[in-house]
Amino acid sequence: MKKFNVTYEQITSYTNIYAAYLDARKGKSERNEIMRFSVELDSNLNSLYKELEEGRYKVGGYRIIYIYVPKKRLIMALQFRDRVLQWAIYRVLNPLYEKTYIKDSYACIKDRGREKAAARLQYWLRQVDRKPEQYYYLKLDISKFFYRVDHEILLEILKRRIKDPRLINLFSIIINSEKRAFGLPLGVDPCEVDPREMLFDKGMPIGNLTSQMFANIYMNELDQYIKHELRIKHLIRYADDTVILVESKEKAHWALGKIETFLLEKLRLNLNSKTAIRPASCNVDFVGYVINKDEIRLRSATVKRMRSRIKYIVKAYERGEMTLKEVNATMQSYFGLLKHCTNAGLKENIINGFVLHCTDAARAKALESR
């Protein structure tokens with residue numbers, strides 16, 4: 001396997017750290033934490049640079065945040081200076097690793113994303129619908145993926161392409177956090193576990209930029225196995241969300257058995273009960289959409305949350321808790337999501353619901369560029 005020609009000095013150079021700072025603050029420069037960091041920018045960047053140069057860098061503390069959309073999830077947020085370092089790693093390494101991924105890996109890759117993944121799967125469903133065989137899809141659902149990534153295996157995978165031991169050591173410092181455990185014992189929910197029971201040798205914090213990159217690197221092992229060992233053509237993946245299409249139910253079950261063994265033995269991961277085998281003529285729940293050969297629809301739960309959120313932002317604006325700019329940003333994000341769907345009349349229905357609850361001024365501003 002070809003090694004990358006990348007060094008610790010290249011990633012931790014002051015030039016790269018400064019460029020990483022610009023990336024990390026993009027679109028967020030008005031946040032208090034970033035403003036405080038930027039007031040003494042030279043001092044803060046030099047301090048980070050010196051710690052890295054002298055091998056004294058340690059990951060700062062994490063803030064624990066719970067989000068509730070689409071379900072309750074545990075997010076761990078790093079301090080801004082640590083996010084700058086993660087950008088320094090990401091902006092050098094991610095373009096190199098992207099070249100090693102299969103064509104149909106879509107998460108956290110420039111010019112891909114959820115919408116293109118959904119469109120690609122629909123294209124395949126249309127193709128196999130015209131074939132004489134009855135195709136089936138196998139939807140893989142990995143149990144608590146981000147909380148179950150094995151640190152030892154991840155570092156071994158990274159060593160295959162990274163030859164600089166100082167760089168591997170830096171990855172180990174980030175992955176094996178001394179202050180916060182990320183891993184879950186089997187069968188435990190992350191939102192209910194006692195923090196003292198979490199595992200230090202497993203898991204990655206959801207929210208870290210490096211976690212996104214490491215997830216793709218880790219799951220690329222499965223992609224390569226399915227493509228080159230099992231020789232399955234139709235494989236599509238977004239993070240840990242994977243769908244394959246095969247020409248019979250028997251082959252789907254054969255593939256499932258092989259994949260379960262590979263995940264357990266090579267990556268120390270398990271599939272959960274949501275893993276399913278269905279005829280390709282059925283709806284496929286993938287990347288937040290319900291997809292078949294004729295339609296790409298939003299999940300009904302997503303539409304319900306969207307309507308509820310619109311009512312909330314209208315009331316928040318009227319109470320002075322949100323600006324017109326913030327209202328407009330939310331509505332434009334919804335319009336962007338809806339333009340990829342084929343839900344009949346949904347966009348107009350959402351707009352009408354917004355109009356019903358909105359004042360004239362907010363409505364005119366928020367709908368001006370729909």
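**Rings and charges in a predicted model**

Modeller: Let's begin with two neighbours in this predicted model: Phe145 and Phe146 are both buried.

Colleague: What makes Phe145 and Phe146 an edge-to-face pair?

Modeller: Their ring centres are 5.2 Å apart and their planes stand at 80°. Pairing needs centres within 6.5 Å, and edge-to-face needs planes over 60 degrees apart, so both conditions are met.

Colleague: How many aromatic pairs are there by this rule?

Modeller: The count comes to 12. One of them joins Phe4 and Tyr97, whose ring centres are 4.9 Å apart with planes at 85°, so this pair is edge-to-face. It links distant parts of the chain, with Phe4 in the segment before α1 and Tyr97 in helix α5, 93 residues apart.

Colleague: Why is Phe4 called buried?

Modeller: Its relative accessible area is 10%, and buried means under 20%, so Phe4 qualifies. Tyr97 has a relative accessible area of 3%, so Tyr97 is buried by the cut-off of 20% too.

Colleague: Which residues do ring pairs link into a cluster?

Modeller: That cluster is made of Tyr18, Tyr21, Phe37 and Phe80.

Colleague: On to the charges, then. How do you know that Glu53 and Lys50 form a salt bridge?

Modeller: Their closest N and O atoms are 3.5 Å apart. The limit is 4 Å, so the pair counts. The two residues sit three residues apart in helix α4, separated by about one helical turn.

Colleague: Why is Glu53 called partly exposed?

Modeller: Its relative accessibility is 39%. Partly exposed runs between 20% and 50%, so Glu53 belongs there. Lys50, at 41%, counts as partly exposed as well.

Colleague: How many salt bridges does the structure hold?

Modeller: There are 21. Among them is the bridge between Arg268 and Asp150, with the closest N and O atoms 3.0 Å apart. Arg268 lies in the loop between α11 and β6, and Asp150 in the loop between α7 and α8, so the pair ties together parts that are 118 residues apart in sequence.

Colleague: Are Arg268 and Asp150 buried or exposed?

Modeller: Arg268 is partly exposed, at 36% relative accessibility, whereas Asp150 is buried, with a relative accessible area of 3%. Both residues also belong to a network of salt bridges with Glu152 and Lys202.

Colleague: What makes Asp223 and Arg237 a salt bridge?

Modeller: The N to O distance is 2.8 Å, and the limit is 4 Å, so the pair qualifies. Asp223 is in helix α10 and Arg237 in strand β4, 14 residues apart. Both are buried.

Colleague: Now for Arg148. Why does Arg148 have no salt bridge with Asp150?

Modeller: Asp150 is the nearest side chain of opposite charge, but it is 7.2 Å away. A salt bridge needs the atoms within 4 Å, so the pair does not count. Arg148 is buried all the same.

Colleague: Where is Arg148 found, and which residues does it touch?

Modeller: Arg148 is in helix α7, residues 145-148. Leaving aside residues up to four places away in sequence, its contacts include Leu184, Pro185, Leu186 and Leu199. Lys202 and Arg268 are also among the residues that Arg148 touches, and those two are members of the salt-bridge network with Asp150 and Glu152.

Key
Residues are numbered from 1 along each chain as its sequence is written. This is a predicted model: local features need pLDDT of at least 70, side-chain atom pairs count only at pLDDT 80 or more; totals for chains, interfaces and linings use all residues. Side-chain values use heavy atoms; hydrogens and water are left out. Helices (H or I, at least four residues) and strands (E, at least two) are DSSP runs, numbered from the N terminus. Buried means under 20% relative accessible area, exposed over 50%, partly exposed in between (1.4 Å probe, protein chains only). Lys and Arg count as positive and Asp and Glu as negative; His and the chain ends are not counted. Contact means heavy atoms within 4.5 Å. Rings of Phe, Tyr and Trp (its six-membered ring) pair if their centres lie within 6.5 Å; planes under 30 degrees apart count as stacked, over 60 as edge-to-face and the rest as tilted.
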